[in-house]
Structure formats: C-alpha cells, structure tokens
Amino acid sequence: MPKCFVDGKEVEFALGENLVKVAKRAGVEIPVFCYHPGLSVVAQCRMCYVEVEKMPKLQTACSTMAAEGMVVKTQSEAVKKGRQGTMEFLLLNHPLDCPICDKAGECDLQDNSFGHGSANMRHSEERRTYVDVDMGSVIQKNMNRCIHCTRCIRFGDEIAGIHEMVAIKRGNNIDITTIDGKQLKTEYAGNYSDICPTGSLTLKDFRFKKRAWMLKKTATVCEGCSKGCNMEIQHEGNVVYRCVPRENLEINKYWMCDEGRFNYRYTQDETRVVDPTLRGAEGAKQASWQDVVASIEVKIRNGDVLFLVGTDLTNEELSAIREAASALRSGIKIRTFGNADVTKSSEDGPADNILKMKSKTGNLLGAEKLGLEPLTGEAKAETVVVFRGGRAVLPKIDSKWTAGIGVFNREESAGFDGVLPGLAFTEKEGTLVNHAGFEQRLARAVRPRGGCKPVSEILMLLLNTKSKAGQA
Amino acid sequence: MEKQLSQKFYEAMKDLEPRYPNKKALILPALHQAQAECGWLPPEVLAEVAAYIGVHEAQIREVASFYTMYNLKPVGKNHLRICTNVACCLRGADELMSYAERKLGIACGETTPDGMFTLSEEECLGACTTAPVMMANDDYVENLDINGLNDWIERAKNER
C-alpha cells in the first residue's frame with residue numbers, strides 16, 4: 001500500500017482516497033462543510049484547507065487525492081490563517097441565532113467556528129435577510145443561516161434522484177430553494193435536515209422541541225421495512241424526539257426514508273392500548289392482567305386455535321411464542337402475517353431504487369428462517385391469538401374469540417375480545433433479520449409505556465396460569 | 001406542453017451542436033437564442049430548453065439566474081444596464097444609477113409603465129478602462145457621465 005504523511009504521521013491509503021479520509025485514519029479531523037462522504041466532491045466551501053509540501057498554495061483536502069510520499073500539514077500557520085479567513089467569510093451573513101436554533105449543539109458551523117474561527121469579528125455591515133419558507137410537511141427552510149454548501153442540492157440530485165433544490169442567483173444574492181417555491185416531493189426529505197451543516201433546513205417534526213445536547217442516543221435498527229436501516233433513537237425523559245440514520249455502508253449508507261424516520265410516532269400515540277382490556281357485556285373495558293390472561297388460557301385449552309404472529313416481531317419473540325405454544329397444548333397452529341401482498345421473502349424486493357423495500361415489516365426473512373409458515377387467505381379458527389410488534393398489517397380474522405398480544409391502537413384492537421399490551425421496537429431488545437440476511441439488534445431506548453409487558457413475560461403468565469389450573 | 005420555441009431555434013441549435021464537446025455546453029447559447037426569440041425567458045421556455053438539452057429544469061434555472069444577461073422578467077423596449085462593479089463604482093456609477101432612477105421614475109430592476117425602458121444593475125462588463133460603462137440594448141456606452149446618460153435616454157424617447 002502506498003504511504004503518505006499527515007502531520008508527521010505515516011498513513012497507508014488506497015489510490016483515489018482524498019485527504020479528508022486519509023487524515024481521519026491518522027487521527028486528524030479536517031473541518032468540512034460542503035464535503036460529505038456520500039456525495040460528490042465540489043470543493044466550494046474552502047474550509048478543508050491543508051498545506052501540501054511542494055505545492056505553492058493551500059489545497060482543499062476534499063478534492064486532493066493522496067499520493068505516494070505526500071507530506072500534508074493540517075496545523076501550519078498558513079492553514080490556520082486560511083481556515084480562519086474562510087470562517088470569517090462564511091459568517092458574514094450568518095445570523096448567529098444559535099440560542100434559538102435547533103441545530104445548536106450538533107452544528108458543523110458552530111463546531112468549526114469554535115475550532116478554527118476567530119473570536120473577533122471585523123464585519124459591521126448589515127446582514128442579508130430572507131423570510132422562512134415552508135418546504136412541505138417535513139422541512140422548514142431558514143435561508144439566513146445558509147452557507148451555500150449545496151449538500152442538499154447534491155443529495156436530491158445524486159441520492160434521492162430528484163433535482164428539486166436549486167441555487168438561484170449568485171454571490172450575495174444567492175437563494176437555495178425549490179423551483180418557484182414548490183414543496184419537496186421526495187420521500188427522503190428528512191435527510192436534507194441531517195446533512196445540512198447549519199440550521200438552515202430544519203425538521204418540522206423536531207423544531208423547537210428539544211435542545212440537541214439534552215437528547216440521549218440509542219443505536220438501533222429501523223423496523224419500518226425489510227431493509228433494516230441503521231438508526232439512532234434520540235430521546236429524553238422517556239419520550240422519543242426523533243430518529244436519525246446511522247452510517248452503515250452495507251445497508252443504508254448515510255440515509256433513511258421519512259417513513260422509517262417518523263415510524264416511532266405510533267409507539268407514543270395516545271390511541272395505543274397500554275393496559276390489558278377485556279370485552280364484557282358493555283364492550284371493551286380495562287381489566288387486570290390475571291383476568292385477561294386467565295380468559296385467554298381458558299379459550300386456548302380446547303378447540304381449533306390459531307396463533308397469528310407478526311413478521312414485525314424479533315427472532316427471540318418468535319421462538320418464544322413457538323415454544324410456549326407447544327408447551328401450552330399440542331395442536332396450536334402458528335402462521336405469520338405482516339403484509340397483504342408480500343408473504344414470503346421471495347416476493348420481497350426493492351420498492352424504489354433508493355432504500356425502501358416492499359415488505360413493510362422488519363423480520364420477514366427471520367420468521368421464514370425460523371421455519372414459520374405464512375398465513376394464506378383469511379385467518380379462520382375458533383380462537384385466534386394475534387401477536388404483533390406494531391407494524392404488521394392485520395389480516396381479516398374469522399373467529400369466535402380473538403385476543404391480541406403486543407402493540408395495537410384502539411381502532412386496530414376494536415374487534416378483539418382481549419388485549420394484552422406488549423412492547424414496541426423502541427422499548428425492547430431483540431434480533432431482526434433484514435432482506436439480505438443481516439442479523440441486527442434492536443436496542444431498548446425508552447421504558448415501556450403504561451403497563452406494557454414483553455411477549456416472553458406474557459407467555460410465562462399464560463403457562464403459569466395453565467399449571468395452576470392443572471393443580472386445582 | 002405546447003412548444004414555445006420556433007423551428008428556427010431548433011435549427012440554430014443543430015448548427016451549433018457540433019461546436020461543443022457535449023450537449024450540456026450548449027446551455028448558454030441555447031438560452032441566448034431563446035431570449036433573442038422571446039425577449040425574455042419565461043418558465044415554460046426554460047422548461048423547453050431543459051427538455052431539449054436533456055437536464056432537469058432546476059439546472060437551467062440555476063444557470064439562467066446566475067448570469068445577469070438573461071432576463072427572467074419581461075423587459076422594456078430599451079434595456080439599460082449600468083455596471084456597478086469596482087472600477088465603475090469608483091468613477092461614479094452610483095450617481096448614474098440614481099440619476100437614471102429619478103429620470104425614468106422607476107427603481108433599479110423595474111420597467112417604465114409605457115414599456116419603453118428597463119433599468120438594471122450589471123456585473124462587470126469588462127470595459128474598466130473606459131469606466132463608467134452602461135450597456136444599452138446591445139451596445140456599450142463608455143466613459144458615461146450624467147449628460148451622456150440624459151442624452152441617450154432623450155434620444156431613445158424621441159425614436160419611438
């Protein structure tokens with residue numbers, strides 16, 4: 001492997017690697033704005049200046065490829081001065097409204113200004129101002145904060161496949177916007193906010209909700225489809241505030257879709273059933289765990305019983321259900337459900353050419369690998385028990401008595417005779433197998449809401465009730 | 001969508017095409033030609049040029065708004081473009097601009113109600129040796145002073 005030197009440290013590199021990447025490997029962080037590893041290189045922010053021996057001028061590290069024996073200095077006086085000058089220009093029009101900006105605390109402009117800028121400002125002229133623009137349901141634009149890095153334009157063109165963001169006019173009058181102020185169309189609009197190095201493109205869903213540094217971060221996996229995008233749940237005080245993608249070059253690279261990003265909402269929706277309920281003569285009513293467990297146990301003792309398990313459940317939950325079913329009684333049938341049109345992994349495939357998959361549940365392949373068979377047609381049995389993680393689409397159920405165990409909202413569980421609330425993906429740990437066979441772990445970010453219990457605990461309650469009934 | 005540009009435009013483009021390494025390089029001449037035909041560049045024309053070049057409309061928008069020669073709003077019969085960059089500014093371009101604004105009764109960037117004059121600010125016209133400079137329609141008016149500007153406007157008014 002060829003070698004070069006960054007701040008005196010010898011580093012190996014692959015041909016075609018730029019100095020930002022090579023320096024990172026040497027433990028040297030080069031400040032960037034317009035450069036993003038997932039996008040093309042334009043070298044227009046001029047923040048990543050480095051000095052290369054034998055080259056007369058400062059070079060931009062993002063567009064300079066490492067070469068054999070190259071000697072790179074990132075801390076020389078010339079570099080410091082160059083970066084300071086760049087920072088001064090970038091802040092000419094920036095409003096410095098960090099105290100009310102959502103990006104504060106995770107802002108590249110803030111970090112780089114602190115690390116490489118000057119503490120003093122010579123500029124005393126008036127700053128240009130723009131009116132905030134509503135860019136659809138996901139993004140709100142504040143042009144005053146923009147530094148024209150064009151990451152958003154390149155993201156749209158290169159990743160989302162839609163060139164909807166434009167740079168109108170030039171120089172001081174530039175405006176990064178959509179054509180004629182149209183609303184954003186892409187289903188990946190949340191990424192605009194992630195890649196924006198300033199607080200210019202903010203997520204409407206997160207605006208003014210929480211300061212970034214208050215959030216606790218839990219690395220997990222999205223359960224929204226069989227892609228299994230890596231993401232981070234950001235939460236505080238047992239409330240999830242947002243989900244952001246986590247880098248995984250083999251699966252989702254740096255991105256995620258809006259459906260997955262906002263999927264967490266149902267887990268803290270008011271309509272989610274969080275207490276055990278039982279249907280009596282006067283309709284569904286809150287009941288004690290013992291009562292609901294006992295009535296389910298009585299119903300599954302005899303007759304034709306079907307366990308419907310969602311392909312949104314984890315491998316651990318699926319195996320526990322299967323083991324418990326055979327321990328409860330022989331002859332309980334188990335079928336999986338999840339999507340109306342995709343029941344087997346062979347029917348799954350990309351739903352667009354970016355990330356989305358056709359299967360809208362996270363563990364279709366996992367359930368299949370465990371040897372569980374999919375339900376075909378409608379669910380017909382005397383007694384049906386539905387186990388669900390929260391995303392699987394409920395099939396038509398034809399039964400005398402139905403119970404639901406897991407995550408349901410009031411509307412979904414309206415036809416059920418008994419409901420035992422389970423954990424959503426933000427509240428549990430477990431394994432999901434994505435469409436390509438990658439086994440990935442869900443991590444628990446928040447405590448269960450209300451009286452929700454894990455599936456394994458609910459199964460134990462059923463088994464205990466059964467053995468007590470046997471002794472009596 | 002109905003075509004806005006004539007057969008003549010497409011023929012001219014066909015002649016120009018071999019001169020450039022790729023079709024994208026044809027954006028500037030295509031916009032010039034389209035503007036010569038329509039007087040300005042309405043959104044439909046920009047969309048048609050984009051379709052002809054084979055790029056997204058957004059890219060044409062970026063190019064057309066970057067250069068001041070392209071009119072994204074309708075302009076009057078006479079288009080006065082006063083350079084306000086460094087050399088011209090030092091030689092009194094700002095006074096010329098405010099004189100023209102008073103004389104025509106419009107602000108920079110506007111068109112007179114009778115459609116006779118449009119006044120705009122121009123980036124460097126590359127004639128710094130003879131600053132201040134104004135581009136009046138397709139001609140350069142160099143070493144401009146307030147009298148010269150006044151004369152030019154009066155002459156244009158009488159030519160109606």
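**View 1. Surroundings of helix α4 in chain A of the predicted model.** In this predicted model, the buried residues of α4(A) pack against three strands and one helix of chain A, namely β8 (165-168), β9 (175-178), β10 (201-203) and α5 (190-195). Helix α4 itself spans residues 151-159 of chain A and is mostly covered, with seven of its nine residues counted as buried. Those buried residues are R151(A), C152(A), I153(A), R154(A), F155(A), G156(A) and I159(A). Just after the end of α4(A) comes G161(A), whose phi is positive, at about 70°.

**View 2. The pairing of helices α8 and α10 in chain A.** Helix α8 (residues 315-328) of chain A and helix α10 (residues 455-471) of chain A have axes that come within 10 Å of each other and cross at roughly 5°. Because of this crossing angle, α8(A) counts as roughly parallel to α10(A), the cut-off for that description being an angle under 35 degrees. On the side of α8(A), the residues that take part are E317(A), A320(A), I321(A), A324(A), A327(A) and L328(A), and they meet V455(A), S456(A), L459(A), L462(A), L463(A) and K466(A) in α10(A). Sorted by class, this contact of α8(A) with α10(A) holds nine nonpolar residues, together with one polar and two charged residues.

**View 3. The domains of chain A.** The domain assignment divides chain A into domain 1 (3-90), domain 2, which is given as two segments (98-103 + 125-209), and domain 3 (277-471). Taken over C-alpha atoms, the centres of domain 2 and domain 3 of chain A are separated by 42 Å.

**View 4. Chain A as the setting for the close-ups.** Along the principal axes, the C-alpha atoms of chain A fill a box of roughly 90 × 50 × 35 Å, and the secondary structure of this chain comes to ten helices and 25 strands. Of the 472 residues in chain A, 46% are buried. When contacts in chain A between residues at least 6 apart in sequence are considered, 64% of them join residues that lie at least 24 apart.

**View 5. The contact between chain A and chain B.** Where the two chains touch, chain A contributes eight residues and chain B likewise contributes eight residues. On the side of chain B that touches chain A, the residues divide into three charged, three polar and two nonpolar.

Notes: Residues are numbered from 1 along each chain as its sequence is written. Chains are lettered from A and ligands numbered from 1 in the order in which they are written. This is a predicted model: local features need pLDDT of at least 70, side-chain atom pairs count only at pLDDT 80 or more; totals for chains, interfaces and linings use all residues. Two residues are in contact if their C-beta atoms, placed from the backbone, lie within 7 Å. Ala, Val, Leu, Ile, Met, Phe, Trp, Tyr, Cys and Pro count as nonpolar, Asp, Glu, Lys and Arg as charged, and the others, Gly among them, as polar. Axes are lines fitted to C-alpha atoms, for helices over the stretch in contact, and angles run from 0 to 180 degrees between N-to-C directions. Helices (H or I, at least four residues) and strands (E, at least two) are DSSP runs, numbered from the N terminus. Angles under 35 degrees count as roughly parallel, over 145 as roughly antiparallel, 65 to 115 as roughly perpendicular and the rest as oblique. Domain bounds come from an automatic or database domain assignment. A residue is buried if 20 or more other C-beta atoms lie within 10 Å of its own, exposed if 12 or fewer, and partly exposed in between; C-beta atoms are placed from the backbone.
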